[in-house]
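Me: I would like to go through the terms used for this structure and check each one against its definition. Please keep the answers short.

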Amino acid sequence: MRKSLYAMNLDEIMEELNLEKKFQARIVRDNLVKGITDFSQMTSLSKKDRERLRWDAMTTSIVEKQESLSAVKLAIRLQDGLVVECVRLSDGKDRHTACLSSQVGCAMGCAFCKTGTMGLKRNLDSGEIIEQFVHLEKLGEKISHIVFMGMGEPLNNFGPLMEAIHILHDREQFDISYRKITISTSGFVPGIHKLSELELPIKLAVSLVTADDAKRSRIMRINRTYPLSELKKALISFQRRENKRITLEYCMLKGYNTGAEDAEKLKKFMSGMDALVNLIPWNPVEGMSFESPSDDEIRAFTNELKRLGINYSIRRSKGRDISGACGQLASKNE
Ligand code: SF4
């Protein structure tokens with residue numbers, strides 16, 4: 001498979017394109033960052049080079065685009081024919097968030113997540129991660145934030161993930177501040193430790209779902225290897241280094257994790273850490289037996305959280321109607 005130019009440094013671009021001077025590679029890279037991927041459109045390149053390079057720089061292509069009021073979902077075909085999905089979420093003002101995938105499918109098999117039903121097909125390389133961002137930005141709005149909440153467990157593909165993040169952060173390239181990048185993990189403890197060691201101000205979100213070990217192990221296999229006590233230790237150590245509030249994603253499943261006892265356990269899990277609970281009523285996925293909680297059930301749970309002094313917010317998922325919300329991504333185009 002051809003390596004994406006987006007994942008190359010200037011020397012590699014020179015070699016790949018047979019360019020003589022570094023400044024020519026810089027011209028190519030500047031154009032790529034602007035989303036100009038057709039060399040014939042790179043007007044600062046010499047005519048000779050433009051005529052010589054008669055191909056498109058992207059290694060991936062859009063095979064389907066679905067739009068709703070606040071979200072656009074793209075299905076992206078990779079060179080080997082596999083398909084990943086990514087989503088742009090907009091707040092109606094100037095915040096446009098790219099939700100990117102890190103793997104094709106996912107090995108974690110969380111019972112409430114459509115991606116988990118696919119199994120892991122393979123890891124994405126850094127170029128394939130960056131090209132999702134480029135496709136989303138080419139839709140017309142400047143992307144301001146990135147969340148790795150698409151397909152896959154990002155911390156299970158650590159090297160390519162961090163390579164992509166460094167390029168997306170690079171001031172001379174996409175210039176996205178680390179503070180505007182969030183990695184969401186299912187609780188892959190070794191990955192959280194590795195991330196801590198880098199000491200970067202990247203935000204961390206954890207898909208907690210429940211603070212009851214038995215219940216969590218039943219629907220999230222990762223908990224059988226890294227139970228809540230280990231996860232908590234890793235989060236506290238991450239927080240000590242980064243001093244950043246951690247987001248605990250709490251996918252609300254009707255009748256499963258929304259009782260008063262669940263709130264008590266959540267309170268206990270959160271003691272000693274600065275965290276915000278992000279409540280996400282489950283996004284329906286065809287063929288899965290879970291249900292979204294009713295408004296009354298959500299209200300009763302949030303009343304408990306209030307009573308216990310737990311910081312929370314509720315995320316009514318954007319993109320739900322185009323199956324682009326959390327837990328709904330899977331490559332039906334594959
Ligand atoms: S919730 Fe995340 S970690 Fe779990 S199966 Fe889905 S994509 Fe994988």
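Reply: What follows takes the strands, the core, the domains and the ligand shell in turn, for a model that is predicted.

Me: What makes E1 and E2 a pair of strands?

Reply: Pairing needs at least two bridges found by DSSP. Strand E1 (residues 61-67) and E2 are joined by six bridges, so they count as paired, and they run antiparallel. One position to look at is Ser61, which stands opposite Arg77 in E2. The two strands form a hairpin, with three residues between them.

Me: How do you know that E2 also pairs with E3?

Reply: By the bridge criterion again: seven bridges link E2 and strand E3 (residues 83-90), in the antiparallel sense, and the requirement is at least two, so the strands pair. Ile76 stands opposite Val84 in E3. Five residues lie between the strands of the E2 and E3 hairpin, where Gly81 takes a positive phi near 95°.

Me: Why is E2 called largely enclosed?

Reply: A residue is buried if 20 or more other C-beta atoms lie within 10 Å of its own. Five of the seven residues of strand E2 (residues 71-77) are buried, so the strand is largely enclosed by the rest of the structure.

Me: What makes Cys86 stand out in the largest nonpolar core?

Reply: The number of other members touched. That core has 86 residues, and Cys86, Phe133, Ile146 and Tyr250 touch the most other members. The core draws at least three residues from each of domain 1 (5-52) and domain 2 (61-322). Leaving out residues up to four places away in sequence, the residues that Cys86 touches include Leu74, Ile76, Cys99 and Leu136. Being a member also means that Cys86 is buried, because a nonpolar core is a set of buried residues.

Me: How do you know that domain 1 and domain 2 touch, and how far apart are their C-alpha centres?

Reply: Contact is judged on C-beta atoms within 7 Å, not on centres. Four residues of domain 1 are in contact with twelve residues of domain 2, while the C-alpha centres of the two domains lie 35 Å apart. On the side of domain 1 that touches domain 2, three residues are nonpolar, one is polar and none is charged.

Me: What makes up the shell around the ligand, by class?

Reply: The shell has five nonpolar, seven polar and one charged residues. Of its 13 residues, Cys106, Cys110, Cys113, Gly116 and Ser186 come nearest to the ligand. Cys counts as nonpolar and Gly as polar, so Cys106 and Gly116 fall in separate classes.

Terms used:
Residues numbered from 1 in each chain as written. Predicted model: local features only at pLDDT ≥ 70, side-chain atom pairs only at ≥ 80, totals over all residues. Core = buried A, V, L, I, M, F, W, Y, C linked by C-beta atoms within 7 Å. Buried ≥ 20, exposed ≤ 12 C-beta atoms within 10 Å, placed from the backbone. Domains from an automatic or database assignment. Contact = placed C-beta atoms within 7 Å. Near = placed C-beta within 6 Å. Helix = DSSP H or I, 4+ residues; strand = E, 2+ residues; numbered from the N terminus.
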